[in-house]
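Let us walk through this structure together, one piece at a time. Keep the view open beside the text and turn it as we go.

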Amino acid sequence: MRNIWVIAQKELNSYFVSPVAYLLLTMFAVIFGFFFWNSVGYFNAASLQSQMGGQAMPMSVNEYVIRPLLSNISVVGLFFIPMITMRLFAEEKRLGTIELLATSPIRDVEIIVGKWLSAMILYAILLLFSAINFAFLFRYGNPDWKPLAIGYLGLLLQAGGLLAIGTFISTLTKNQIIAGAATFGVCLLLWVLEWVSGYETATWAKVLAYMSVITHFDSFSKGVLDTKDAVFYLSVIFLGLFLTTRSMESLRWRS
Amino acid sequence: MIKVQGLTKRYAHTLAVDHISFEVQKGQIVGFLGPNGAGKTTTMRILTCFLPPSEGTANVAGFDVLEQPLEVKRRIGYLPETPPVYQEMEVKEYLTFVGKLKGMSGSSLASRVSEVAERCAVGDVQNKLIGKLSKGYRQRVGLAQAIIHNPEVLILDEPTAGLDPKQIIETRDLIRSLAGDHTIILSTHILPEVEQTCEQVLIINKGKLVATDSVHNLQNRARGAESVMLEVEGRNSALDAQTIQHRLETVNGVSRVLLKDSRGNRSVFEVESLKDRFIRGDLARAIVESGWNLNELRPSAMSLEEVFLQLTGGEKAAEEPTVEEALVQGEIQ
């Protein structure tokens with residue numbers, strides 16, 4: 001446990017001494033800020049219209065602002081995740097510092113979990129920036145906080161799975177760009193797999209749609225904690241980290 | 001302290017290390033010598049548990065590298081060929097991180113960091129980014145990293161590569177000062193380094209161990225017959241080197257006389273004896289009796305360089321060296 005934290009701390013440090021973390025946080029804050037502004041503007045216009053029409057329909061902030069925004073974050077996250085994970089192992093391999101880690105009295109799995117954890121923490125900080133926007137809703141409106149909390153839990157679980165896959169891909173190459181591009185490709189594929197369910201209902205289409213990381217986010221964005229979907233994300237995290245340990249082991253046998 | 005038996009490492013198409021066996025006693029400095037690509041780094045990586053062996057066993061400080069890698073790792077300090085440093089860290093921060101990796105913590109770690117930094121002469125750059133340091137400093141930070149947890153065994157892959165002559169001398173002194181408490185294996189392809197730093201030499205070539213002995217014995221071993229360097233000065237300036245050479249060749253037991261240098265009326269020769277003949281006395285007498293001055297007479301010990309070439313060169317070294325080769329070797333000495 002202590003070793004995991006030593007590694008995670010070192011990784012977080014290197015995110016924050018380089019421009020990486022600041023760049024990602026700024027980009028995310030700007031992009032999400034725009035989404036938020038847009039979404040609230042739309043909500044205002046819609047509620048004004050419904051009042052003008054005479055028949056004031058009850059409109060829920062949760063339904064019309066928070067839920068679509070949570071889905072937006074989950075998509076925007078797909079683009080940020082490769083940038084967070086690409087350097088984790090590729091950089092160590094390029095600089096030869098992997099030799100230091102691998103010859104220290106610390107288990108491979110501790111190195112891997114430490115690195116993944118640091119990526120998770122950076123992503124959580126990213127989410128914190130979106131929470132600042134939501135705080136305004138609580139100041140001026142009266143939304144339900146529980147669906148929001150469950151939504152955030154879903155976002156963390158989803159990112160956890162993709163970050164684990166990104167970590168794995170980063171062990172496969174010395175080149176950060178290759179690791180980043182491959183991770184992006186995989187993330188994007190895991191997103192669009194869901195599209196087949198739009199026109200096809202055969203079993204293969206259901207399987208493909210099930211594998212999509214977006215399918216399982218639906219329940220979370222509605223504020224429903226579905227064990228089935230949580231288990232899916234946890235399995236992806238486990239699979240990603242497991243593949244990483246295998247890959248690190250094979251690194252030793254091959255290199 | 002280190003016991004290696006039948007160690008073999010196979011890559012897809014190449015045999016990097018081929019059934020190597022050796023032992024290193026506690027407190028020794030052992031030089032691991034070989035041309036580039038001989039398998040030095042691979043062997044070191046196996047000893048540090050970075051790579052598993054394909055065959056054979058390696059035992060470090062009483063623990064097998066395959067069975068108990070964590071125990072082995074706790075007891076070794078390793079400096080790879082390129083120092084494993086993070087450019088974006090400060091020296092002190094980096095050494096603290098490595099200390100934590102090795103299981104140290106708290107105030108004992110803090111005091112150890114400054115102690116090691118002083119010892120490796122990086123104390124004055126403790127708060128600088130490693131990325132901004134020169135190659136020599138980085139190499140010494142790498143060395144400091146290897147000894148931070150005071151390991152029983154130190155494995156250093158080309159510790160003086162990329163340093164300037166002054167730094168090389170300082171690093172060698174540092175390594176020598178570490179012996180005794182630590183068992184040290186250092187690899188190099190620079191021969192004088194071994195002659196100056198190590199007690200024991202392992203020569204490896206194409207994955208095979210070709211010799212293992214003390215530096216002293218190795219030098220002697222390659223030298224069957226006696227070889228003597230002579231400087232002779234004629235009293236009258238007209239004396240030419242040829243005359244002296246002819247005279248020397250007639251001395252009993254001399255097999256070969258090589259003229260190495262001739263300047264004015266002074267000439268330098270290398271004289272080789274027949275096997276097991278001692279010719280120094282006869283040579284001196286012959287020169288003095290001919291009325292010349294004998295300025296210098298010393299046995300020419302074969303440098304490790306020649307031993308090395310003989311052991312790793314195969315057939316080529318078995319041939320008689322040509323005059324040019326002999327001259328080159330003389331210069332190296």
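A good place to start is a pair of strands in chain B of this predicted model. Strand β6 (residues 76-79) of chain B runs parallel to β7(B), and four bridges join the two. To find the pairing on screen, look for B:Y78, which stands opposite B:I155 in β7(B).

Now stay with β7(B), residues 153-157, and consider its surroundings. How many of its five residues are buried? The answer is five of five, so the strand is mostly covered, a count that rests on the rule that a residue is buried if 20 or more other C-beta atoms lie within 10 Å of its own. In a regular strand, side chains alternate between the two faces of the sheet. Here B:V153, B:I155 and B:D157 point one way from β7(B), while B:L154 and B:L156 point the other way, and all are buried.

β7(B) also has a parallel partner in strand β8 (residues 183-188) of chain B, with five bridges between them. One place to see this is B:L156, whose bridge partner in β8(B) is B:L186. Between these strands you can follow the chain through helix α6 (residues 165-178) of chain B: β7(B), α6(B) and β8(B) make a right-handed β-α-β unit.

Next, move to the start of chain B. An open sheet of four strands has the order β2-β1-β4-β5 there, and its pairing is antiparallel. β2 (15-24) and β5 (63-64) of chain B stand at the edges; each has a single partner strand, so one side of each is left without a neighbour in the sheet. Strand β1 (residues 2-10) of chain B pairs with β2(B) in the antiparallel sense over six bridges, and within that pairing B:K9 stands opposite B:V17 in β2(B). Helix α1 (residues 40-47) of chain B packs on this sheet, where it touches β1, β2 and β4 (55-60) of chain B. The direction of α1(B) makes about 120 degrees with that of β1(B).

Another open sheet of four strands in chain B has the order β12-β13-β11-β14, again with antiparallel pairing. Which strands stand at its edges? They are β12 (254-263) and β14 (293-299) of chain B, and because each has a single partner strand, one side of each is left without a neighbour in the sheet. Ignoring direction, neighbouring strands of this sheet are turned by 20 degrees against each other on average.

Inside this sheet, strand β11 (residues 227-233) of chain B and strand β13 (residues 266-273) of chain B pair in the antiparallel sense over seven bridges. B:V232 has B:S267 in β13(B) as its bridge partner. Two helices lie across the strands. Helix α9 (residues 241-249) of chain B lies across β11, β12 and β13 of chain B and runs at about 160 degrees to β12(B). Helix α10 (residues 280-289) of chain B lies across β11, β13 and β14 of chain B and runs at about 170 degrees to β14(B).

Stepping back, chain B has 13 helices and 14 strands, and buried residues make up 39% of its 333 residues. Among its contacts between residues at least 6 apart in sequence, 68% join residues at least 24 apart.

Chain A offers another picture, with 11 helices and zero strands. Its C-alpha atoms fill a box of roughly 75 × 45 × 30 Å along the principal axes. Of the 255 residues of chain A, 36% count as buried. Among contacts in chain A between residues at least 6 apart in sequence, 80% join residues at least 24 apart.

How do the two chains meet? Their contact takes 17 residues from chain A and 20 residues from chain B. On the side of chain A that touches chain B, the elements giving two or more residues are α1 (2-17), α5 (98-102) and α11 (227-254) of chain A. α1(A) gives the most, with four residues. The residues on this side of chain A divide into seven nonpolar, seven polar and three charged.

Finally, a word on confidence. The model scores ipTM 0.88 and pTM 0.82. Chain B averages a pLDDT of 82, and 87% of its residues score at least 70. Within chain B, confidence is highest in helix α3 (residues 91-101), at 95, and lowest in helix α12 (residues 315-318), at a mean of 40. Over residues 315-333 of chain B the pLDDT is below 50, and this stretch has 14 contacts in the model beyond near neighbours in sequence.

Technical notes
Residues are numbered from 1 along each chain as its sequence is written. Chains are lettered from A and ligands numbered from 1 in the order in which they are written. Two residues are in contact if their C-beta atoms, placed from the backbone, lie within 7 Å. Ala, Val, Leu, Ile, Met, Phe, Trp, Tyr, Cys and Pro count as nonpolar, Asp, Glu, Lys and Arg as charged, and the others, Gly among them, as polar. Two strands pair if DSSP finds at least two bridges between them. Axes are lines fitted to C-alpha atoms, for helices over the stretch in contact, and angles run from 0 to 180 degrees between N-to-C directions. pLDDT is the predictor's confidence in each residue, from 0 to 100. A residue is buried if 20 or more other C-beta atoms lie within 10 Å of its own, exposed if 12 or fewer, and partly exposed in between; C-beta atoms are placed from the backbone. A crossover is right-handed if, with the strands pointing away from the viewer, the path from the first strand over the helix to the second runs clockwise.
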